[in-house]
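Me: I am new to reading protein structures. Could we go through one together, feature by feature?

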Amino acid sequence: MATIQWYPGHMNKAKNQIQERLSLVDVVLEIRDARLPQSSANPLLEQIIQSKKRLIILNKKDLADPQQTSRWQDYLKQHDCSSIAIDAQHNGHLPIIIAAIEKLMAAKLEKYRKSGVKNYTIRVMCLGIPNVGKSTILNKLVGKKIAVTGNRPGVTKNQNWLKAPQQIELLDTPGVLWPKIEDQQVGLKLALSGALKADLVANEDLALFALEYWQKYYPQQLQQTYHFSDQDLADNSTELFKLLAQQSNWDHAAQKVIQDVQKGTLGRYTLDQVPLND
Ligand SMILES: Nc1nc2c(ncn2[C@@H]2O[C@H](COP(=O)(O)OP(=O)(O)O)[C@@H](O)[C@H]2O)c(=O)[nH]1
Ligand SMILES: [Mg+2]
């Protein structure tokens with residue numbers, strides 16, 4: 001199996017840029033893919049943002065396993081992390097983001113209210129690895145993309161701010177983090193869900209990983225989609241793959257499984273399990 005490479009050089013640059021811009025904001029929106037609440041995060045982020053207020057947005061909840069999403073939210077809460085789960089494409093989910101930002105800022109907003117300050121702003125930036133929905137969320141928050149409020153002096157260069165509802169202003173460009181691919185599994189999960197280009201990993205490896213995962217966590221979906229018998233399903237994933245390949249060939253079978261995952265034919269899924277005893 002080929003090893004997926006990631007480049008510390010890129011990561012350092014991204015880290016420095018994010019650190020500079022972080023000093024300008026009150027709240028960080030850390031966008032993750034709800035199907036990968038752990039693998040689509042970068043552990044470095046905690047070091048970078050330190051005590052800055054953070055809202056974790058588990059986006060694409062429409063594609064994720066709802067039970068797992070709720071388990072992950074409980075887990076995050078236990079670890080003192082505020083989170084919301086949304087489908088950024090859904091207009092109705094915008095107020096959820098606004099309300100969560102206001103909740104994080106409640107103490108400060110109360111101070112403003114008490115002292116009669118009306119023209120405050122809550123400054124926010126989006127962060128996350130590629131493809132988690134940063135731009136979609138930014139566009140939804142801003143409405144039409146015209147609302148540039150002008151430059152404000154930044155640490156090293158001027159930054160543009162976009163107006164969002166409730167006196168929220170957003171940095172116009174999200175911070176892009178690299179995923180931390182510390183083991184092969186994380187790479188497989190990112191590729192399978194489409195967060196990373198799938199061609200970085202051999203199709204057969206991806207398909208085998210998917211079959212094994214579905215066999216363990218979503219056996220009914222697997223059975224329904226491919227009409228496996230109970231006996232088939234008790235076999236290992238290589239045997240299941242062989243059955244599928246009998247109908248065409250290895251590469252076609254692999255592509256089909258990957259497509260079925262990515263198009264949702266194999267149902268809603270979450271590829272990270274909540275850690276036990278943590
Ligand atoms: N199903 C689903 N797709 C989404 C959601 N949010 C974003 N997308 C799609 O995911 C892809 C990546 O989104 P984008 O905003 O460009 O991600 P970015 O790279 O983080 O800026 C696009 O095809 C979006 O339409 C969501 O909540 N649900
Ligand atoms: Mg984008």
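Reply: Happy to; we will go from the whole chain to a few helices, some single residues and the ligand. Keep in mind that this is a predicted model.

Me: Let's begin with the whole chain. How many helices and strands are there in the chain?

Reply: A count of elements is a good first step. This chain has 12 helices and 8 strands. Of its 278 residues, 46% count as buried. The accessible surface comes to about 14600 Å², and carbon and sulfur atoms hold 48% of it.

Me: What share of contacts joins residues at least 24 apart, among those between residues at least 6 apart in sequence?

Reply: For this chain the share is 73%. One pair shows what separation in sequence and in space can look like: Trp72 and Pro275 are 203 residues apart in sequence, with 9.3 Å between their C-alpha atoms.

Me: Tell me about that tryptophan. Is Trp72 buried or exposed?

Reply: We look at relative accessible area, and under 20% means buried. Trp72 has 2% relative accessibility, so it counts as buried. Trp72 sits in helix H3, residues 66-78. Leaving out residues up to four places away in sequence, Trp72 touches Pro37, Gln38, Leu58, Thr270, Asp272, Gln273, Val274 and Pro275.

Me: Now a helix. Why does the length of H12 agree with what one should expect?

Reply: The idea is to compare an expected span with the one in the model. H12 covers residues 250-262, and at 1.5 Å a residue its 13 residues should span 18 Å; the end C-alpha atoms are 18 Å apart, so the two agree.

Me: Which residues of H12 are buried?

Reply: Here is the general idea: an α-helix has 3.6 residues a turn, so residues three or four places apart point the same way. In H12, the buried residues are Ala253, Ala254, Val257, Ile258, Asp260 and Val261. These residues lie on the same side of H12, because they cover an arc of only 160° around the axis.

Me: What covers the buried residues of H12?

Reply: The cover includes helices H7 (184-193), H8 (203-217), H9 (219-226) and H11 (237-246).

Me: And what should I look for at the ends of H12?

Reply: Look at side chains that reach the backbone, and at the backbone angles. At the start of H12, a side-chain oxygen of Asn249 comes within 3.0 Å of the backbone nitrogen of Asp251. Just after H12, Gly264 has a positive phi of about 85°.

Me: You named H7 as part of that cover. How many of the residues of H7 are buried?

Reply: H7 is mostly covered, with 8 of its 10 residues buried. Among them are Leu188, Leu190 and Leu192, and also Lys189. The buried residues of H7 pack against H8 and H12.

Me: What caps the N-terminal end of H7?

Reply: Asp183 does: one of its side-chain oxygens lies 3.0 Å from the backbone nitrogen of Gln185. Just after H7, Gly194 takes a positive phi of about 90°.

Me: Let's turn to an arginine. Where is the place of Arg35, and is Arg35 buried or exposed?

Reply: Arg35 is found in the loop between strand S1 (27-33) and helix H2 (44-49). With a relative accessible area of 4%, Arg35 is buried.

Me: With which side chains does the side chain of Arg35 make a polar contact?

Reply: Distances between polar atoms tell us. One polar contact is with the side chain of Asp33, at 2.7 Å, and another is with the side chain of Tyr269, at 2.8 Å. Beyond residues up to four places away in sequence, Arg35 touches several others, including Lys60, Leu63, Ser193 and Asp272.

Me: Last, the ligand. How many residues surround ligand 1?

Reply: Ligand 1 has 14 residues around it, and the closest are Asp62, Ala88, Asn131, Lys134 and Thr136. Helix H6, residues 134-142, gives the largest share of this shell, 3 residues.

Me: Which backbone atoms lie by its oxygen atoms?

Reply: A polar backbone atom of Ala88 is 2.8 Å from an oxygen atom of ligand 1. Asn131 has a backbone N or O atom 2.8 Å from a ligand oxygen, and for Val132 that distance is 3.3 Å. Taken alone, ligand 1 exposes 580 Å², and the protein buries 73% of that.

How values were computed
Residues are numbered from 1 along each chain as its sequence is written. Chains are lettered from A and ligands numbered from 1 in the order in which they are written. This is a predicted model: local features need pLDDT of at least 70, side-chain atom pairs count only at pLDDT 80 or more; totals for chains, interfaces and linings use all residues. Side-chain values use heavy atoms; hydrogens and water are left out. Helices (H or I, at least four residues) and strands (E, at least two) are DSSP runs, numbered from the N terminus. The expected span of a helix is 1.5 Å times one less than its number of residues. Buried means under 20% relative accessible area, exposed over 50%, partly exposed in between (1.4 Å probe, protein chains only). The arc is that of the directions from the helix axis to the C-beta atoms. Contact means heavy atoms within 4.5 Å. A polar contact is a pair of N or O atoms within 3.5 Å; within protein, one must be able to donate a hydrogen and the other to accept it, and residues adjacent in sequence count only if both atoms are side-chain atoms. A residue is near a molecule or strand if one of its heavy atoms lies within 4 Å of it. Accessible areas come from the Shrake-Rupley method with a 1.4 Å probe; for residues, only the protein chains shown count as cover.
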